[in-house]
Amino acid sequence: MGFELNAKIPSGPIEEQWDKCRFEMKLVSPANRRKFSVIVVGSGLAGGAGAASLGELGYNVKCFCYQDSPRRAHSIAAQGGINAAKNYQNDGDSVFRLFYDTVKGGDFRSREANVYRLAQVSLNIIDQCVAQGVPFAREYGGTLANRSFGGAQVSRTFYARGQTGQQLLLGAYQALQRQVAQGQVQMFPRHEMLDLVVVNGRARGIVTRNMITGQFEAHLADAVVLATGGYGNVFYLSTNAKGCNTTAIWRAYKRGAGFANPCFTQIHPTCIPVSGEYQSKLTLMSESLRNDGRIWVPKKPGDKRPPNEIPEEERDYYLERIYPSFGNLAPRDVSSRAAKRVCDEGRGVGPSGNGVYLDFSDAIRRLGRRTIEERYGNLFEMYERITGENPYEVPMRIYPASHYTMGGLWVDYKLMSTIPGLFVAGEANFSDHGANRLGASALMQGLADGYFILPYTIGDYLASEHPEREPVSKDAPEVKEALDRVAGITRRLLEVNGKHSPDYFHRELGKIMWEYCGMSRNEAGLKRALELLPELKERFWKEVKVPGENEMLNQTLEKAGRVADFLELGELMCLDALERDESCGAHFREEHQTEDGEAVRDDENFSHVAVWEYKGDGERPQLHKEPLVFEYVKPTVRSYK
Amino acid sequence: MRIILHIWRQKDANSPGKMVRYEVPDVNEHMSFLEMLDVLNERLIEQGEDPVTFDHDCREGICGACGFVINGIPHGPQPSTTVCQLHMRHFKDGDELYLEPWRAKAFPVIKDLMVDRSAFDRIISAGGFISVPTGSAPDGNAIPVPKEKADLAMDAAQCIGCGACVAACPNASAMLFTGAKISHLALLPQGQPERRDRALKMVAQMNAEAFGACTNIAECEAVCPKDIKIENIARMFRDFISASVLKRAG
Ligand SMILES: Cc1cc2nc3c(=O)[nH]c(=O)nc-3n(C[C@H](O)[C@H](O)[C@H](O)COP(=O)(O)OP(=O)(O)OC[C@H]3O[C@@H](n4cnc5c(N)ncnc54)[C@H](O)[C@@H]3O)c2cc1C
Ligand code: FES
């Protein structure tokens, strides 16, 4: 056991690295491709795009998702848009500028070479999506429209109303279904990956559970791709879909894949607040609302008057007060923390006290209701549908919520994990976003990985490593062991026969994570969480109740397995957050802040990717470090005052 | 408030099903409909009973996973709203609600309120795409698209594939779904080269899947949570008929 990190960054000037790498990579000839098989777990932007592109090249692809159709992957829910350095607006955008903004936005905790490539490839993504028929917003002249988004001074965001993710995913899904029709991709919906098969140190397959029949199956291949999305549901309440999970990457971690920066999780400032204990998920309200809405809370703690009865001079427009130059448009991490601070002071609004007002009355007075309706009509409707309140008359209530995870499985420049033959794409890898992701960059990264990086780098792996020369049979001991292990976990879950549903434990986990490893963290809290989490895990395995059996459609069993993995991941996140004794991006350690509460980085000691290696149940995982070198963008202090 | 539910329970595809009565005594008006079912399910789990199975994922009205019939109406009484976005404030204390899965031959029940909608995926596979392999695209702005066309295409492309249209139709027709995809691509310049072929193949697949025909009842439009218009069916017919004629003419 044990791995060494080698990011395999090509040498030479940054703008030539990807070309150079592509030239040096080995190719599989078209006639030989059909001799290789690739498993892609996930059908979101990363997995869907990857599976379709690999199929087009002629590889035999098997693609898996837990939903009933690949079209329902959570990428579908992305609202705002996708970035690309097209410079169609002639406002001075360039590949270098997108690269620069992304590295800076990530607070200097990402790998320069990867980010540069991402910015380069962004150009091809838009072309590809347009050609597929993605109905992007257009100007009257018929050209593509753009909007601006947080963290950038140029308009480089392409969008399809408030449903950009949906339209991009349908584009990838259509390409995927075309390959399904041609027999190049075999689709396995309602199949959940529960383990990775590693033979002679290489990833050679997966074990899945058929979610309708409960049957465990081993699927073997020459390479495996995980594109299984983010783990934001570790907080229980998040903007992720109910099924989003960490199971695939967590079980790969336990098979030897390094887990990078698990504590880098993004909290989005504008979500609809929790309304009660029964709450099952949180809904994002697009960041764009902050362009016209003003955020405030009462000056007095415990002021329970309705908002319209609180006079102007008794309101605290705290973002405008603290960050006069950015005001209500301060970046996500900064705004989220400010909201938490005022609520902690007892000035939060709404029944739970965990909310702040986002008030449009000034904008309505200034611009008229019509204009506001045109700009945000659909969002206002969605808000009213969920809360029953009319935001034209009563200010919206918003609160931060878990939204995105920058951490994930570590990958090298070719998107390969520390297990040869295991590739990781999209939100599931530790990605190009460092310690904080900018808006509209996740869709870009997922599609870059899937359409334009994996198809080359997997070919290179197959042509240089020749996994096909060591065929693996379904009877191999490694396959049997993986199947037995999965069956064992399932049996244990069913046998506990305790008293609480898996959701009960998931909620408890969420409370601990939100309290101690959420928007702000400190040593004492993280240590406390590291005591509470093992206790909760122990209780889970003694008290969870899963009715029914394995050989049937059993949603409680599915959920129980995911919660078991989240419980373990939570511990690793807290450990990572404790170990990273600095503040950077979304990771805010209270010990490291300026007098007015801004994050203080420690480049001397923490300019690295923290990569954790699993060492066995109950053992402390081993920390490896990939040093980060900044040759093109010099680390500076982010300031939004 | 107290809500009485009669829910279709069916163990698996091959077992007979029946309506079972449940009571949820402590429903909060701010709950979503699915959150109310979560509360019921949690109680069933703790009692060791099999919870009610239903499909759901995003709970934001966009993934299209959720959907069942409430008192005869797919996705329930609130217009333009998926069942995951339907909230309990639209019901009142003591309401009695009947929940059933989509009923259509082409959507066999898998369990309880969950059905198999893979027929939709096969319709897309038959031709609901533009054949443009990765890497072969021209510059994005090389293909101008008039704004009105782009907007119309987007209206059609908003379909979430939930299947409510089929469930609402007395003929269990999938023409709104198929028409929406055909329109989306036919309205765009990129979709022209395969336009005829696409209409022929998708319609053929739709017919092969045991969906019924359209008799202009427009129930589909009435229940569609994304306001997809039946004009899309008209566009589909136009493309299908002209493609058929041209094909016969050789
Ligand atoms: C509400 C919301 C709004 C957003 N808005 C934006 C935006 O405007 N712009 C932007 O750039 N980003 C946005 N994001 C982020 C972005 O949408 C995601 O990061 C991105 O879509 C993730 O894509 P993915 O392909 O990595 O994963 P996903 O789309 O989550 O796909 C994961 C896939 O893996 C499968 N899977 C997962 N686990 C298993 C398993 N164990 N076995 C089998 N299959 C499995 C799933 O079935 C699914 O097919 C938003 C995110 C949210 C939640
Ligand atoms: S759960 Fe996604 S649309 Fe209802």
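Colleague: How many nonpolar, polar and charged residues does the shell around ligand 1 have?

Modeller: The classes are fixed lists: Ala, Val, Leu, Ile, Met, Phe, Trp, Tyr, Cys and Pro count as nonpolar, Asp, Glu, Lys and Arg as charged, and the others, Gly among them, as polar. Here the shell around ligand 1 holds 17 nonpolar, 18 polar and three charged residues. This is a predicted model, in which local features need pLDDT of at least 70 and side-chain atom pairs count only at pLDDT 80 or more, while totals for chains, interfaces and linings use all residues. Residues are numbered from 1 along each chain as its sequence is written, chains are lettered from A and ligands numbered from 1 in the order in which they are written, and side-chain values use heavy atoms, with hydrogens and water left out.

Colleague: Which residues are the closest to ligand 1?

Modeller: A residue belongs to the surroundings if one of its heavy atoms lies within 4 Å of the molecule. Of the 38 residues around ligand 1, the closest are A:Gln67, A:Ser75, A:Gly80, A:Met193 and A:Glu427.

Colleague: Which backbone atoms lie 3.0 Å or 3.4 Å from an oxygen atom of ligand 1?

Modeller: A polar contact with the ligand is a pair of N or O atoms within 3.5 Å. A backbone N or O atom of A:Ala46 is 3.0 Å from a ligand oxygen, and one of A:Ala227 is 3.4 Å from a ligand oxygen. A nitrogen atom of ligand 1 also lies 3.4 Å from a polar backbone atom of A:Gln79. By Shrake-Rupley areas with a 1.4 Å probe, ligand 1 taken alone exposes 1000 Å², and the protein buries 97% of that.

Colleague: Which element gives the largest share of the shell around ligand 1?

Modeller: Elements are DSSP runs numbered from the N terminus: helices (H or I, at least four residues) and strands (E, at least two). Strand 6 of chain A contributes the largest share, three residues.

Colleague: What is the strand order of the open sheet of five strands in chain A?

Modeller: Two strands pair if DSSP finds at least two bridges between them. The order is 11-15-14-12-13, with antiparallel pairing. Strand 11 (265–271) and strand 13 (315–316) of chain A are at the edges with a single partner strand each, so one side of each lacks a neighbour in the sheet. Strand 14 (residues 356–359) and strand 15 of chain A share three antiparallel bridges; A:Val356 has A:Ile398 of strand 15 as its bridge partner.

Colleague: How many residues lie between strand 1 and strand 2 of the hairpin in chain B?

Modeller: Six residues lie between them. Strand 1 (residues 3–10) and strand 2 (residues 17–24) of chain B pair antiparallel over eight bridges, and B:Gln10 is bridged to B:Gly17.

How values were computed: Polar contact = N/O pair within 3.5 Å; in protein donor to acceptor, adjacent residues only side chain to side chain.
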